[in-house]
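Trainee: I would like to learn how one reads the surroundings of a ligand in a model. Could you take me through it step by step?

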Amino acid sequence: MALERSCLAVVLAAGEGTRMRSARPKVLHAIAGRSLLAHVLHAVREAGGTLTAVVGGLGAEAVAAEAKRILPDAEIFVQAERRGTAHAVLAAKAAIARAPDDVLVIFGDTPLIRPQTLTRIREAVAQGAAVVVLGFRPKDPAGYGRLVVEDGKLVAIREEVDASPAERAIKLCNGGLMAFAGPTALAILERIGNDNRKGEYYLTDAVAIARAMGCKATVIETEEDEVRGINTNAQLAETAAVLQQRLRKAAMEQGVTLVAPETVFLSSDTKFGREVVVEPFVVFGPGVTVEDNAVIRSFSHLERAHVGKGALVGPYARLRPGAHLQENVHVGNFVEIKEALIETGAKANHLSYIGDATVGAGANVGAGTVTCNYDGVAKHRTEIGKDAFIGAA
Ligand code: UD1
Ligand code: CA
C-alpha cells in the first residue's frame with residue numbers, strides 16, 4: 001500500500017566528522033566498502049523512495065557527488081549554518097513544498113537502517129499519522145531524546161538536556177528517523193522554534209506541535225542496532241562489526257561456506273554463486289563477484305574482481321581491480337593480478353605479477369613471472385596465448 005504513494009526522503013548529511021578527527025564529511029566515511037551516505041541511499045531506493053533530497057553542510061560538493069553516484073536524481077540542498085535538525089530539514093523546503101505523500105527524514109550517519117523499516121514507517125503515515133517516530137530501547141539511553149507516551153499516545157519528544165528527572169527515566173528513545181504526512185509537513189516544521197537549552201531548532205518538537213494541531217503522532221519500534229548513529233571512530237568500527245555480522249549471516253544463509261565467518265570481511269555488494277567456500281582470513285573489498293564452486297583460500301584480498309566457476313584463489317592471493325578469472329582458473333600464493341583477463345583453466349600458481357594482460361585458456365604461468373606493463377610513460381598490454389607455457393626453468 002505505502003509503496004504506491006510518492007515518497008520524499010530527506011537525508012541529513014551535514015555532519016562534519018570533527019569528533020572523528022577527520023576533514024572528510026562524516027557521511028563519506030565507509031563501512032563494508034560503502035560510504036555511510038551510500039548505505040542510507042541504498043535503503044531509501046530499496047524502500048521505493050521516489051524522490052531524494054540530500055542536505056549537506058561542510059564539504060557539500062563531495063557529499064553531492066557521492067549522492068549523485070548512487071541516486072543520479074537526488075536533489076542537493078545546503079544548510080549553511082548548523083542550527084538544528086529541523087533547520088536542516090527545512091533547507092530542503094522546496095522539495096517538501098511539492099507535497100509528496102510521505103516525507104521521510106533520515107540521518108546520513110545511521111547506515112544500518114533497513115528498507116523494511118522505512119516501509120513500516122511509511123505505512124503508519126498511510127494509515128493517518130501526521131508524524132511517525134522510529135523508537136527503540138537502548139541499553140544506555142544517555143544522549144537520546146525520550147519519547148513521552150501518555151495513555152498509549154505519543155505526545156512529545158524531550159531532548160535529554162531539556163528533560164526532567166522523570167522524563168530521563170523513560171526507556172523508550174528516539175532513534176532519529178521520522179516521517180511526516182506530506183500535506184501537513186511544512187505547516188508542522190515551520191512552527192518549530194528554538195526556545196530550548198541549546199537554542200536549536202529541534203525536529204523532535206514536531207510531535208508536540210502535531211498534537212497541538214489535532215494531528216496524530218505514532219511510534220514504530222525497532223532494535224538498537226538499526227539506529228546506531230556514528231559520531232566517533234570507535235562507533236564507526238562497532239557499526240561496521242554489526243554490519244559484517246549481517247553480511248556473513250546472509251552469505252551463509254545463501255549457501256556460502258564460511259569456515260571461520262568472524263575472520264572474513266565482506267562488502268555490501270559482494271556477490272556469491274552456489275557452493276562457494278571461503279577459508280579463514282579473507283577480505284572482500286567492493287565490487288567482487290565469486291561464481292559457483294569457487295574456493296577462496298586463506299589470506300587472500302580481492303577488490304573489483306571476478307572469480308569464475310570452479311576457480312581456486314589463494315592462499316595469499318591478491319586480486320586487484322579488473323582481475324577477471326574465468327572458469328577453473330588457479331591463482332596461487334603471492335600472485336597479484338590487476339586489469340587482466342585470465343581465461344578458462346589457466347594457472348598462475350606462484351609468486352607472480354600479472355597486470356594489464358590477457359592470459360589465454362589453459363596457459364601456465366610459472367613461478368616468478370612478471371608482466372612488465374609500464375615504461376614510465378605509457379601502459380602496455382601483454383598477451384599470452386592459449387596453452388602457452390611460461391616457464392621458470
Ligand atoms: C538526535 C535527536 C534525538 C535522537 C538522536 C538519535 C533531535 C533534536 N534530536 O539527537 O532525539 O535521540 O538524534 O541519534 O533531532 N544535523 C544537521 N544539521 C544540524 C543539526 C544536525 O544536518 O543543524 C544532522 C547531523 O549531521 C546528524 C543528525 O542531523 O546526522 C542528528 O544530529 P545530532 O546533532 O547528531 O543529533 P543528536 O543530538 O544525536
Ligand atoms: Ca547523533
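Mentor: Keep in mind that this model is predicted. A good beginning is to ask where the ligand lies, and here ligand 1 sits in the largest pocket, to whose surrounding shell helix 3 (85–90) and strand 10 (173–181) each give two or more residues.

Trainee: How many residues surround ligand 1, and which are the closest?

Mentor: One lists the residues near the ligand, taking a heavy atom within 4 Å as the cut-off. In this case 18 residues surround ligand 1, and the closest are Gln79, Gly84, Thr85, Glu159 and Asn174; by class, the shell has 6 nonpolar, 8 polar and 4 charged residues.

Trainee: Which atoms of Glu159, Arg83 and Arg82 lie beside an oxygen atom of ligand 1?

Mentor: For a polar contact, one looks for a pair of N or O atoms within 3.5 Å. A side-chain N or O atom of Glu159 is 2.6 Å from an oxygen atom of ligand 1, while Arg83 offers a backbone N or O atom at 3.2 Å, and Arg82 a side-chain one at 3.3 Å. As for cover, ligand 1 taken alone exposes 750 Å², of which the protein buries 88%.

Trainee: What is the volume of the largest pocket, and which residues lie nearest its centre?

Mentor: A pocket is described by its volume and its lining. The largest pocket has a volume of about 1,400 Å³ and is lined by 46 residues, with Lys26, Arg82, Phe107, Asp109 and Asn231 nearest its centre. Strand 10 provides the largest share of this lining, 4 residues.

Definitions and conventions: Residues numbered from 1 in each chain as written. Chains lettered and ligands numbered in written order. Predicted model: local features only at pLDDT ≥ 70, side-chain atom pairs only at ≥ 80, totals over all residues. Heavy atoms only, no water. Polar contact = N/O pair within 3.5 Å; in protein donor to acceptor, adjacent residues only side chain to side chain. Areas by Shrake-Rupley, 256 points an atom, 1.4 Å probe, with all protein chains shown as cover. 1 Å grid on protein atoms, 1.4 Å probe; cavity = no way out; pocket = protein on both sides within 12 Å on 5 of 7 lines; lining within 4 Å. Sits in = over half its atoms within 2 Å of the grid points. Nonpolar A, V, L, I, M, F, W, Y, C, P; charged D, E, K, R; others polar. Points joined across faces, edges and corners; volume = space filled by probe spheres on them.
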